[in-house]
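I sat down with this one to get my bearings, and these are my notes. Pull up a chair and read along.

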Amino acid sequence: MRRLLPGLAAVALVACEGRQSVTGGDGLHSGQFNSLFLIFLLVTAFFYLLVIAFLVAAVVRRRGRAEDRPEKSGGEGGFRLILIGWVALVALGLTGLTAASYFSDAAAGGARPANAIRIAVTANQWWWDVRYLDPVPANTIRTANELHLPVGVPVHIQLKSNDVIHSFWVPNLAGKQDLIPGRITDITLIPRKEGLYRGQCAEFCGLQHAHMALDVTVEPMETFEAWRRSQLRPAPPPATPLAVTGYNYIMTQECSACHNISGTPASGQVAPDLTHIASRRSIGAGTFPMSRGHLYAWIADPQSAKPGNHMPYVGLEPHELHGVVAYLETLK
Amino acid sequence: MSSRFRAVSAALIAMVALPSCDRETRENRGKPLPESVPGIVGDPRAAEYEGNAFHIAQGQRYYVWMNCNGCHAHGGGGMGPPLMDAEWRYGGSMEQIVDTIREGRPNGMPSFDQKLSEQQMWQLAAFVRTLSAQPRQDALPGRADEMSNIEPRTLDERRPVERTSPAADQARPR
């Protein structure tokens, strides 16, 4: 047991960080599930203790020899009463649990609110393709590996997968939902508290499953709208000579075959959208925090930064690398 | 500890170790070889990429990502020539396919020079070769990226396509 303690402490510590915590309850649904879990815990603990108490009593009350046993004094009736009480208690407990789980389930899977923000998330090995849908197609936003959500507003997320089964999991906000190739699943969230959260793929999906995270920012409506407007803007033209070098490289060489930058000829759709890459919190689906150094490392050799990911090693010359990073940094 | 227990556990450990013997290594980055010279047959990379399960699977991804299926369909051809038969307008060896991808060909095949990395072209060529059942069965990917009403390729009884002479090609009913 003593050897186990440090391990247990480490497990407990992970829960402290708060950005990715099942007990956070920062969304309506995760809050409901937390209460459901508490109800289950209390009811089952009560019955467990009751059974243990009877077992202990049975062990302590030694069974005497037959001749020592006192004469029966109407014990049968009492015993029957106790049995009936026990069955009634179990039936009541089970009915209660069933009802609690039914109502909590019904609330989670209930009708989609009309005012919900609609998002389509497509999972790929190993990143998240995020689209904010809008009745006006021109107002559709495409980004990657990040979600911005206004606090208190329901969000309906449509989930798809391009390759293998993934699972969408922002533990602070809601439970898991699998993304299955060839099918569309969905999940509804209502974030209740502002903050930065971390989502994580929760279904083993290959080599870099652990580095398939999702940055979730829950913010006030005004901040969200400002973000949304900024995401709708196309990329600004490169201003410095260095950025122009990078711009030319991206537009004419390998990058634009897969990546999209709105407002430029780069229109590949199979890799993360780079139109506002410098405004994101991380690169490589949460692998590194966004910084100049990490951008350099990533572009110079993506296979060293995140082995196995589908961005190939291109082998840029130093002046090209400087230019590409300088240009990407202007894409706020 | 009895000798029997020891023998059984040794056998178990050996069993666990055995599968690791046969893993092919994944070359994520591509060897920094010099640019290949067009038209040269006998590039050492041909043998490295052809019949390698990882490279074929990667090539299968790029086949759709780069919209090869837009013209060649999933091997059956359409606007572009089919890739699953034994006829090659510009040669069907690994080197020649890479050359076709890199340089492009008349009547619509675009050049992917500097759009794909050298390694990606070799991986694509490795996959294209699987369409006409050239490679080993056990290297074929189990997944299919296209809709299909046939069994996965790994379950098919497939044999290498026989090279026919031009005369035999013409004699064949079409």
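**Notebook: cores first, then chain B**

I began with the largest nonpolar core, which has 30 residues, and the ones with the most contacts inside it are A:Val121, A:Trp128, A:Ile157, A:Val170, A:Met212 and A:Val216. By nonpolar core I mean a set of buried Ala, Val, Leu, Ile, Met, Phe, Trp, Tyr and Cys residues joined through C-beta atoms within 7 Å. Buried means that 20 or more other C-beta atoms lie within 10 Å of a residue's own, with C-beta atoms placed from the backbone (exposed is 12 or fewer, partly exposed is in between).

Which strands feed this core? In chain A, strand 1 (117-124), strand 2 (127-132), strand 4 (146-150), strand 5 (155-161), strand 8 (185-189) and strand 10 (213-219) each supply at least two of its residues. Strand 10 of chain A gives the most, with four residues. Strands here are DSSP runs of E of at least two residues, helices are runs of H or I of at least four, and both are numbered from the N terminus.

I then found a second, separate core of 25 residues, which includes A:Ala257, B:Tyr49, B:Trp122 and B:Val128.

A note to self on the source: this is a predicted model, where local features need pLDDT of at least 70, side-chain atom pairs count only at pLDDT 80 or more, and totals for chains, interfaces and linings use all residues. Residues are numbered from 1 along each chain as its sequence is written, while chains are lettered from A and ligands numbered from 1 in the order in which they are written.

**Chain B**

I counted seven helices and zero strands in chain B. Of its 174 residues, 26% count as buried.

I looked longer at helix 3 of chain B (residues 53-65): its 13 residues reach 19 Å from first C-alpha to last, close to the 18 Å expected at 1.5 Å a residue, taking 1.5 Å times one less than the number of residues. Its buried residues include B:His55, B:Tyr62 and B:Trp65. They pack against helix 6 (255-258) of chain A, and also against helix 2 (44-49), helix 4 (69-72) and helix 6 (118-131) of chain B. After helix 3 comes B:Asn67, with a positive phi near 65 degrees.

**Where the chains touch**

How many residues of chain B are in contact with chain A? I found eleven, in contact with twelve residues of chain A (contact: C-beta atoms, placed from the backbone, within 7 Å). Helix 3 and helix 6 of chain B each supply at least two residues of that side of chain B.

How values were computed: Contact = placed C-beta atoms within 7 Å.
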